[in-house]
Amino acid sequence: MILRAAHWLSHVDYDLASPVWRPWVQALAVRNRFVRYDPRGCGLSDRFVADLSVDAWQADLEAVAATVDEPRFVLLGQSQGGSLAITYALRHPERVSRLVLVNAYARGARARATSDAQLLEAETLVNFIRIGWGRENPAFCHFFTNLFIPGGTPEQHRWWGDLERETASPEVAAALLREMQGIDVLTQAAQLRLPTLIMHCRGDMRVPFDEGRRLAAVIPGARFVPLDSANHVLLAHEPAWRMFHAELAQFLEQDGPPQARAMREAGLTPAETDVLRLVAEGLDNAAIAARLGKSQKTVRNQLSVVFDKLGVTTRAQAIVMTLAE
């Protein structure tokens, strides 16, 4: 089982339709029970809460973990979720079997700042979010999406802009970012004593690559894997995505390509399976046709057959079926 510590942008329902986050859900759920939740102030969690502190986020992780029946689980920390995961693993070493940190950091932007200019940059980003978060203005949208997924397709960029509006208000997004900028668990990280895998994108514009290396240097025995990507959130179409999942499978001792139960029981042909997997990656019919060298009419016909075999009527329903192990 994998429990994902909350990170800044998530919406447990909306993510299933997102070409950015849906491949993550599919890939992590196909072999494991994958538990995720929205942080307070975001997604389907309460939007209007007085306490948006990191301590409150930590308490929320504790509460979610307490509902997990498995005695031990893999804890996944992405971005600022890494600090939550580190703290939880230290407090509850009996619950965490392995720790996976992806583009994570132990020190937020203000905590690691060494000059007035760096402090000003951190504060400017908070104010920029207050005035530009989720706006239709292409200048604002371009700025934020390129911090997170500069290598994204136009469709993924559009979805990311929508995600901002769906996930949190500008006021909450700014307040959460300022809290995250003050995170500092670097000293605590050195006390960890469990198998730890750290992966970080070399060109990450949200969290410097050196912060990932610094984590790996202080956590005893941690394995560090650099990923050749400029994205803060890995995308399913880039080569680093395959490397990430190969390293993760090896770390979790899960070798061999999985296939979801629904796909096995539906009796899909190899061609139909290929089409469905690309649907789950967020590709539309035109992109699937181009990827597989087929006509769009052929793709439409094959999808119709796939939907019949799965007993669904929409792409979203088909994607959910592929997540069932």
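The points below go through the sheet, its strands, one helix and the aromatic rings of this predicted model.

1. The sheet as a whole. Six strands form an open sheet in the order β2-β1-β3-β4-β5-β6, and their pairing is parallel. The edges of this sheet are β2 (34–35) and β6, each of which pairs on one side only. For a reader new to sheets, it helps to recall that strands pair through backbone hydrogen bonds, either parallel or antiparallel.

2. Strand β4 and its partner β3. Strand β3, residues 73–78, runs parallel to β4 and is joined to it by six bridges. Two of the facing positions can be found by name in the structure: L75 stands opposite L99 in β4, and L76 has V100 of β4 as its bridge partner. Between the two strands the chain passes through a helix, for β3, helix α3 (residues 81–91) and β4 make up a right-handed β-α-β unit.

3. Strand β4 and its partner β5. Four bridges pair β4 with β5, again in the parallel sense. Here V102 stands opposite M199 of β5, while L101 stands opposite I198 of β5. As for its surroundings, β4 is largely enclosed by the rest of the structure, because six of its seven residues are buried.

4. A closer look at L99. Is this residue of β4 buried or exposed? With a relative accessibility of 0%, L99 counts as buried, since the cut-off for that word is under 20%. Once its neighbours within four places in sequence are left aside, L99 is in contact with L75, A85, I86, L192, L194, P195, T196, L197 and F251. L75, which appears in that list, is also the residue that stands opposite L99 across the strand pair. A further distance to check by eye is that from L99 to G82, which are 17 residues apart in sequence and 9.3 Å apart in space, taken from C-alpha to C-alpha.

5. Strand β5 and the edge strand β6. Strand β5 is mostly covered, with six of its six residues buried. Its side chains point in two directions, with T196, I198 and H200 on one side and L197, M199 and C201 on the other, and all of them are buried. On the β6 side, five bridges join β5 to β6 in a parallel arrangement, and H200 stands opposite P226 of β6. Strand β5, helix α9 and strand β6 make another β-α-β unit that is right-handed.

6. Helix α10. At 1.5 Å a residue, the 13 residues of α10 should span 18 Å, and the end C-alpha atoms are 19 Å apart, which agrees. The buried residues of this helix are A240, W241, F244, H245, E247, L248, A249 and F251, and they pack against α1, β4 (96–102), β5 (196–201) and β6. After α10 comes E253, whose phi is positive, near 60 degrees.

7. Aromatic pairs. The count of aromatic pairs comes to 14. One of them joins W24 and W241 in an edge-to-face arrangement, with 5.4 Å from centre to centre and 85 degrees between the planes. Because W24 lies in helix α1 (residues 22–29) and W241 in helix α10 (residues 239–251), this pair ties together parts that are 217 residues apart in sequence. Both W24 and W241 are buried. Another pair, F209 with F224, is tilted, at 5.6 Å centre to centre and 55 degrees between the planes. Since F209 lies in helix α9 (residues 209–218) and F224 in strand β6 (residues 223–227), the pair ties together parts that are 15 residues apart in sequence. F209 counts as buried at 14% relative accessibility, whereas F224, at 23%, counts as partly exposed.

8. The ring cluster and two charges over rings. Ring pairs link W8, W21, W24, F128, W133, F143, F144, F148, W160, W241 and F244 into a cluster; W241 and F244 are also among the buried residues of α10. Two arginines have their charged ends over rings: that of R98 sits over the ring of F251, 5.8 Å from its centre, and that of R112 sits over the ring of Y105, 5.9 Å from its centre. F251, named here for its ring, is also one of the residues in contact with L99.

Note on methods. Residues are numbered from 1 along each chain as its sequence is written. This is a predicted model: local features need pLDDT of at least 70, side-chain atom pairs count only at pLDDT 80 or more; totals for chains, interfaces and linings use all residues. Side-chain values use heavy atoms; hydrogens and water are left out. Rings of Phe, Tyr and Trp (its six-membered ring) pair if their centres lie within 6.5 Å; planes under 30 degrees apart count as stacked, over 60 as edge-to-face and the rest as tilted. Buried means under 20% relative accessible area, exposed over 50%, partly exposed in between (1.4 Å probe, protein chains only). A charge sits over a ring if NZ of Lys or CZ of Arg is within 6 Å of the ring centre and within 35 degrees of the ring normal. The expected span of a helix is 1.5 Å times one less than its number of residues. Contact means heavy atoms within 4.5 Å. Two strands pair if DSSP finds at least two bridges between them. A crossover is right-handed if, with the strands pointing away from the viewer, the path from the first strand over the helix to the second runs clockwise.
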